[in-house]
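Work through these exercises with the structure open. Try each one before you read its solution.

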Protein chains: 2
Amino acid sequence: MIDVVFNHATVRNRADMLQFLDLCAERGLGTVSIWGNEIEKVGEARALEALRAHGMRVSGYNRIGPFTPEGLGKARAELERAARFGADHVFLFTGGLAKGERDLPRARDRAEAAIAGLLPMTLDLGLKLAIEPLHPMLVGDRTVIASLGHANDICERLGEGVGVVIDVHHLWWDEHLEAEIARAGKAGRILGFHVNDWLIPTRHLLTDRGMMGDGIIDLAGIEGMVRRAGFAGPIEVEIFSEDWWQRDPAEVMDIALDRCKAIFGRDRAA
Amino acid sequence: MIDVVFNHATVRNRADMLQFLDLCAERGLGTVSIWGNEIEKVGEARALEALRAHGMRVSGYNRIGPFTPEGLGKARAELERAARFGADHVFLFTGGLAKGERDLPRARDRAEAAIAGLLPMTLDLGLKLAIEPLHPMLVGDRTVIASLGHANDICERLGEGVGVVIDVHHLWWDEHLEAEIARAGKAGRILGFHVNDWLIPTRHLLTDRGMMGDGIIDLAGIEGMVRRAGFAGPIEVEIFSEDWWQRDPAEVMDIALDRCKAIFGRDRAA
């Protein structure tokens, strides 16, 4: 059996966190990726109790950011909550340019300084920060880090406590992908591997990701790169899609598990 | 006065090629970028006659591609027509993956081989091929070349007769942009500089580009990179936008010229 983790975002529109945990448990899944705002909806005590009752571990915790003054003000509380939930890593999202700003290199320097500022507390709490480079179409609006190369550069400069998460939707197009995955793996900094697919056409920059197999990404090929780079962790399903959000969460998860088996399973067609 | 060229695509929905040439002439513009399919709509003889009557030169000719068997079959005729119009350079667009294909590296190798195959005829005709790296959100569908670094690599391998066009919309996000522009300039291979803007939000992957100044790209900063890299050619306005296509072509061009003066003019605010 392949090791699959669901990110709650995949079914968040029709399953709250407690329902999501039940759905994972029903499918024999022992690890989840969760969101702070979803914890707030059901209450932290109930969320923690449900996790304990299911004996579940937390892989990724979403999230710190954007790096506005307000967003950074909340970062400490988010890290502390992530620690209470025993998360392996905490996603950070830099956000884009400030209002009226056009100086992308300066925004990048500022984001890197903010990450550096978060590291001591992250290490004290026994956590890791995960930089997830987003697709270049999200630069300026959602992020200033849009390639694995850039994320690797930042990790090298900042040292311990920060790693990368590789999401195929954001990175599949990069001609340096294999080399940068190898570089990240050599440094032991691959914290996660997120799957979904790139649809043709893609109708929306944020919310039109595909189910694995419905698009044009060479998912098995990229998984091979990640495995050759030494990543032994789970495959995390994270699909932001207005289409899939409308469907029954149990059905979405079952389809996703079937696709994962077909694409990543040991017994997949050669 | 700054040297501005309009790409016909900017006003193509409401101005045919003859009207477009008149609009350029009325604004004292002596160079244009044109499209083969627009020539066909008005007839080649009339298009050539209008160009001669206005004493206009052709900068870019659109286009060769996609590199399907059918698209490549038309390439020879497109190059010959570009030569009859005295174009400085001919844009090539590789197209994306073949139907059902997921092997992006193989598609990239195939595209490069196709470009190599077009070069002898291009040189014989006294033309240059222009690789315009497109935004990564267009990979798989419209192109397989999505960074200036990749385009520079291809140019280095193929040698004489092929260069790059830098479109801010496609490349502004790249953390290596300045270095790759410098690399292209050092090799004398910058054939064009296209301006428009990146809107927040961007509502469509293809047809929601902004008017210069309406978005978040540091246009003056990127022009500075291009000039420092030695490019002395014109600033080409190319805006694919359902919004601007609906407006009066003369008004669109006047607004664009005003914006170019404000952003790129010698007397712009420091």
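**Exercise 1.** By what turn, and with what RMSD, can chain B be laid on chain A?

*Solution.* This is a predicted model. Turn chain B by 180 degrees, with a shift of 0.0 Å along the axis. Chain B then lies on chain A with an RMSD of 0.0 Å. That is the relation of a two-fold axis. Now check the interface. Of the interface residues of chain B, 100% are also interface residues in chain A, so the copies meet through the same surface.

**Exercise 2.** Classify the aromatic pair of Trp172(A) and Trp198(A), and place both residues in the chain.

*Solution.* Start with the search: the whole structure holds eleven aromatic pairs over all chains. In the pair of Trp172(A) and Trp198(A), the centres are 6.1 Å apart, and the planes make 40 degrees. Planes under 30 degrees apart would be stacked, and over 60 edge-to-face. The pair is therefore tilted.

Next, placement. Trp172(A) is in the loop between α7 (168–171) and α8 (177–186) of chain A. Trp198(A) is in the loop between β7 (190–195) and α9 (219–228). They are 26 residues apart, so the pair links distant parts of the chain.

**Exercise 3.** Are Trp172(A) and Trp198(A) buried or exposed?

*Solution.* The cut-off for buried is under 20% relative accessible area. Trp172(A) has 5%, so it counts as buried. Trp198(A), at 1%, is buried too.

**Exercise 4.** Which charged residue sits over the ring of Trp35(A)?

*Solution.* The charged end of Arg12(A) does, 5.7 Å from the ring centre. Trp35(A) also forms one aromatic cluster with Phe240(A) and Trp245(A). In chain B, Arg12(B) lies over the face of Trp35(B), at 5.6 Å from the ring centre.

Terms used
Residues are numbered from 1 along each chain as its sequence is written. Chains are lettered from A and ligands numbered from 1 in the order in which they are written. This is a predicted model: local features need pLDDT of at least 70, side-chain atom pairs count only at pLDDT 80 or more; totals for chains, interfaces and linings use all residues. Side-chain values use heavy atoms; hydrogens and water are left out. Copies are superposed by least squares on the C-alpha atoms of residues with pLDDT of at least 70 in both. Contact means heavy atoms within 4.5 Å. Rings of Phe, Tyr and Trp (its six-membered ring) pair if their centres lie within 6.5 Å; planes under 30 degrees apart count as stacked, over 60 as edge-to-face and the rest as tilted. Helices (H or I, at least four residues) and strands (E, at least two) are DSSP runs, numbered from the N terminus. Buried means under 20% relative accessible area, exposed over 50%, partly exposed in between (1.4 Å probe, protein chains only). A charge sits over a ring if NZ of Lys or CZ of Arg is within 6 Å of the ring centre and within 35 degrees of the ring normal.
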